[in-house]
Amino acid sequence: MAIPTDSRALNQVLSLTRDEVRPQLIDLFFNSNPLFARLMAKNKVKVSGGDEIRVPFVYDQLPGDWYVGLGPFATTQKEIITVMRFDWKQVYAEYTLPEIDIWKNSGTHQLVDLVAASMKVATMTIAEKMGTALYNDGTNTAQLTGLRLAIATTGTYGKIVRGTDPIGTAVKGNVDTTGGPITIPFINSLMGTASRGGAVKPDLLLTTQTLWDAVWARVQPQQRFDAKSGPSWDVGVDYININGSALVADSHCPTGYLFGLNTDYTDLFVGEGKDFYVRGPYELQEQDGVTAQTVLYTELCISSPGLFFNASGLTA
């Protein structure tokens, strides 16, 4: 194989290598985070396009009541559905290949290995940035719309302003800032609040390693809970089973926080054709090498914030 000093030849290698390692890149990304892994397992990762993401949002109930005989029925139309609208978020990782490295790895398999290694590191970099942005509070508007913004009682979410009106109230999450030691009764209380008195409740609880350890120390003597390596969705992550919900430690979770997520109402959108696509390569100006980027268009959307909770100020 000729040394691909021409960027068009290297582009062909990049394209072929990407196709070859794509399944590995997808596994590498989604296995990097318990939430992303669960969403992937539940087919809650959606490939989409368009100028923005639109998520249908039910904020009220239809008219209805008990009746006798012929009625009467209420026949007036009532608006109960609107849409939350989200902008696409863009994240990238860049890798630069010095020409001498390309020359040293000019054999067919050697060059593919070099490019594949760069792509894997780029995917890991994006996964790390996504893991951090998962908890974005809205301070950085370029990042993923994080859980601290999605599960809140004030501000705007999905371009809907939270307030006292029916739509503004329905888009509010459950927030607890009481703080103090984390306990099982406290977690159960939060889960009850987020279930709205029904059978639907958070199924994934995210917290710090310190708080996870504290919960484990409290439940271990009771022998009614278990910490184990779970099913396929959590890729071997240790979790504590609390009333059917998995409590997982996430290294990116902010200190003192516990999040209760209902993954049935959570979607991770990825842009069609922009899911870890390779941009480039481009020859560097006045430097002996080429550069390329792995790019992802994405956004995390929660369609019913009232079924989630966000607790802060917690201690071990």
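Which residue forms a salt bridge with E52, the closest N and O atoms being 3.5 Å apart? The partner is K159. Keep in mind that you are looking at a predicted model. Let's start with this pair and then work through the rest of the chain.

## A charged network

E52 and K159 come from distant parts of the chain, 107 residues apart. E52 sits in the loop between β1 (45–48) and β2 (53–58), while K159 sits in the loop between β5 (156–157) and β6 (160–161). E52 has a second partner too: its side chain meets that of R54 in a salt bridge, with 3.0 Å from N to O. Step back a little and you can pick out a network of salt bridges that links E52, R54, R85, D87 and K159.

How well covered are these residues? E52 is buried, because its relative accessible area is 11% and the cut-off for buried is under 20%. R54 reaches 52%, so it counts as exposed. K159 falls in between: at 41% it counts as partly exposed.

The structure holds ten salt bridges. Another of them joins R38 and D203, whose closest N and O atoms are 2.2 Å apart. This pair also links distant parts of the chain, 165 residues apart, with R38 in helix α2 and D203 in the loop between α7 (184–195) and β9 (204–207). R38 counts as buried at 11% relative accessibility, and D203 counts as buried at 12%. As a general point, side chains of opposite charge can pair when their charged atoms come close.

Here are the three pairs side by side:

| Salt bridge | Closest N to O distance |
|---|---|
| R38 and D203 | 2.2 Å |
| E52 and R54 | 3.0 Å |
| E52 and K159 | 3.5 Å |

## Helix α2, a mostly covered helix

R38 brings us to its helix. Helix α2 spans residues 34–41 and is mostly covered, with six of its eight residues buried. Which ones are they? The buried residues of α2 are P34, L35, F36, A37, R38 and L39.

Both ends of this helix are worth a look. At its start, a side-chain oxygen of N33 comes to within 2.8 Å of the backbone nitrogen of L35. Just after the helix, N43 takes a positive phi of about 55 degrees.

## The nonpolar cores

Now for the greasy parts. In soluble globular proteins, nonpolar side chains tend to be buried together. In this model, the largest nonpolar core has 55 residues, and those with the most contacts inside it are F29, L147, L206, F259, L261 and L268. Helix α4 (residues 108–133) supplies the largest share of this core, seven residues.

Take L147 as a sample. Leaving aside its neighbours within four places in sequence, L147 touches L134, Y135, N136, L206, F259, L261, L300 and I302. Apart from this core lies another one, of 20 residues, among them L190, L205, I240 and L314.

L314 belongs to strand β17 (residues 314–315). With a relative accessible area of 6%, L314 is buried. Beyond its neighbours within four places in sequence, L314 is in contact with G179, G180, I182, F186, L211, G256 and L258. L314 and Y257 are 57 residues apart in sequence, and their C-alpha atoms are 6.3 Å apart in space.

## A hairpin to find

Next, look for strands β11 (residues 238–242) and β12 (residues 245–249). They pair in the antiparallel sense over four bridges. I242 has S245 in β12 as its bridge partner. Two residues lie between the strands of this hairpin, where N243 takes a positive phi near 50 degrees.

## The whole chain

Finally, zoom out. The protein chain has eight helices and 17 strands. Of its 316 residues, 47% count as buried. Its accessible surface comes to about 16,000 Å², and 51% of that belongs to carbon and sulfur atoms.

How much do far-apart stretches of sequence meet? Among contacts between residues at least 6 apart in sequence, 73% join residues at least 24 apart. The pairs R38 with D203 and E52 with K159 each link distant parts of the chain too.

Notes. Residues are numbered from 1 along each chain as its sequence is written. This is a predicted model: local features need pLDDT of at least 70, side-chain atom pairs count only at pLDDT 80 or more; totals for chains, interfaces and linings use all residues. Side-chain values use heavy atoms; hydrogens and water are left out. A nonpolar core is a set of buried Ala, Val, Leu, Ile, Met, Phe, Trp, Tyr and Cys residues joined through side-chain atoms within 4.5 Å. Buried means under 20% relative accessible area, exposed over 50%, partly exposed in between (1.4 Å probe, protein chains only). Contact means heavy atoms within 4.5 Å. Two strands pair if DSSP finds at least two bridges between them. Accessible areas come from the Shrake-Rupley method with a 1.4 Å probe; for residues, only the protein chains shown count as cover. A polar contact is a pair of N or O atoms within 3.5 Å; within protein, one must be able to donate a hydrogen and the other to accept it, and residues adjacent in sequence count only if both atoms are side-chain atoms. A salt bridge is a side-chain nitrogen of Lys or Arg within 4 Å of a carboxyl oxygen of Asp or Glu.
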